[in-house]
Amino acid sequence: MSGTDEIIGVRNLKKSFGKTEILKDISFSVKKGQVLSIIGPSGSGKSTILRCVSQLESVSGGSIEICGLPLVADGVYSDKSLRHEITLKSGLVFQNFNLFPHYSVLQNVVEPQVRVLRKSREEATEKAEELLRRIGLGERMKNYPCELSGGQQQRVSIARALALNPEVLLFDEPTSALDPELTGEILAVIKELASEKMTMVVVTHEMSFARDISTEIIFMDGGVIVEQGKPDDVINHPKTERTKAFLSRFSTV
């Protein structure tokens, strides 16, 4: 299925909840260093794709490979040990942060390294401090999540994901829970990661951001890929009437 530089390969992916089809025969790939943005209306299946790739949802059919390893092939999952290995290849950044409220900022980034990667606490702390300084939170390490703004909390969640050294970062509407004035700081962090060739899949409703950051954009509606291509083609010169209608509600200046 995969080329040597393919980080994510999705083929004929299907997902249903009861009799309701959420994803209908979805196929795409993401190569190393690429940024794929997935756009579309609420309920189109965007976030469900990320949840299937990150194993938070089971698929109803199709195949997913991560870094050449088969997570699921024709609807049949690999064994538990391989699935665990694949879990470490991707990091998911949630829209609602999902930080541990009883841990400090530093502990939120240290503990996953200790528990998941079996790092020493000293090594994990060094890595956490480095990442937190990098994203501008070096002065807030001892604070707790409730003492931070939403933008700062989301930056902590990005640092936590990066601390596990994933091959690909998955962002599920990373700015949707933020006030508009805080959105910019998160977009800036993601743009910096993109400039460093971090492989990413970003579900977003920020159209101009998707155009500026992406190497490829998918527009979804009704559980299918309606249009896919280069950012300028999809955002500025959409081919389908459905894409045009959706984008007409957004300013991409």
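The legends below describe an overall view and several close-up views of a predicted model of one protein chain.

**Figure 1. Overall view of the protein chain, with nine helices and eleven strands.**
The radius of gyration is 18 Å, close to the 18 Å that the globule rule gives for 253 residues, so the chain is as compact as a globular protein of that length. Along the principal axes, the C-alpha atoms occupy a box of roughly 50 × 45 × 35 Å. Of the 253 residues, 52% are buried. Among contacts with a separation of 6 or more, 62% join residues that are 24 or more positions apart. The exposed area of the chain is about 11,700 Å², and carbon and sulfur atoms supply 48% of that area. The chain carries 31 positive and 33 negative charges, and the mean positions of these two sets are 3 Å apart.

**Figure 2. The span of residues 8-247, listed by UniProt as "domain: ABC transporter".**
The listing comes from an unreviewed entry. In the model, 38% of the span is helix and 28% is strand. The C-alpha atoms at the two ends of the span lie 27 Å apart.

**Figure 3. Close-up of Lys19, in the loop between β1 and β2.**
Strand β1 covers residues 6-17 and strand β2 covers residues 20-31, with Lys19 in the loop between them. Lys19 has a relative accessible area of 88%, over the 50% cut-off, and is therefore classed as exposed. Arg83 serves as a distance reference for this view: Lys19 and Arg83 are 64 residues apart in sequence, and their C-alpha atoms are 27 Å apart in space.

**Figure 4. Close-up of Asn98, a residue with positive phi that is not a glycine.**
The phi angle of Asn98 is about 55 degrees. Asn98 belongs to the loop between β7 (90-93) and α3. The relative accessible area of Asn98 is 41%, which makes this residue partly exposed.

**Figure 5. Close-up of Gln113, a buried residue in helix α3.**
Helix α3 runs over residues 105-116 and includes Gln113. The relative accessibility of Gln113 is 0%, so this residue counts as buried. Which residues does Gln113 touch, not counting residues up to four places away in sequence? They are Arg118, Lys119, Ala124, Lys127, Ala128, Ala163 and Leu164. Of the elements named elsewhere in these legends, α4 spans residues 121-134 and α5 spans residues 150-163.

**Figure 6. Close-up of Gly136 and Tyr144, both placed in the loop between α4 and α5.**
Gly136 is exposed, with a relative accessible area of 52%. The C-alpha atoms of Gly136 and Leu178 are 18 Å apart, and the two residues are 42 residues apart in sequence. Tyr144 is partly exposed, at a relative accessible area of 34%. Apart from neighbours within four places in sequence, Tyr144 is in contact with Pro101, His102, Tyr103, Ser104 and Gln107. Tyr144 and Arg160 are 16 residues apart along the chain, with their C-alpha atoms separated by 14 Å.

**Figure 7. Close-up of Lys197, a second view of a residue with positive phi that is not a glycine.**
The phi angle of Lys197 is about 65 degrees. Lys197 sits in the loop between helix α6 (180-195) and strand β9 (199-203). Is Lys197 buried or exposed? Lys197 is exposed, with a relative accessible area of 60%.

**Figure 8. Close-up of Glu206, in the loop between β9 and α7.**
Helix α7 covers residues 207-213, and Glu206 is placed in the loop between β9 and this helix. Leaving aside neighbours within four places in sequence, Glu206 is in contact with Thr175, Thr183 and Leu187. Leu23 gives a distance reference: Glu206 and Leu23 are 183 residues apart along the chain, and their C-alpha atoms are separated by 22 Å.

Technical notes: Residues numbered from 1 in each chain as written. Predicted model: local features only at pLDDT ≥ 70, side-chain atom pairs only at ≥ 80, totals over all residues. Heavy atoms only, no water. Helix = DSSP H or I, 4+ residues; strand = E, 2+ residues; numbered from the N terminus. Rg over C-alpha atoms; globule rule 2.2 N^0.38 Å. Buried < 20%, exposed > 50% of the residue type's maximum accessible area, 1.4 Å probe, protein only. Contact = heavy atoms within 4.5 Å. Areas by Shrake-Rupley, 256 points an atom, 1.4 Å probe, with all protein chains shown as cover. Lys, Arg positive; Asp, Glu negative; His and termini not counted. Charge placed at Lys NZ, Arg CZ, Asp CG, Glu CD. UniProt positions renumbered as here; feature names shortened; annotations may be inferred.
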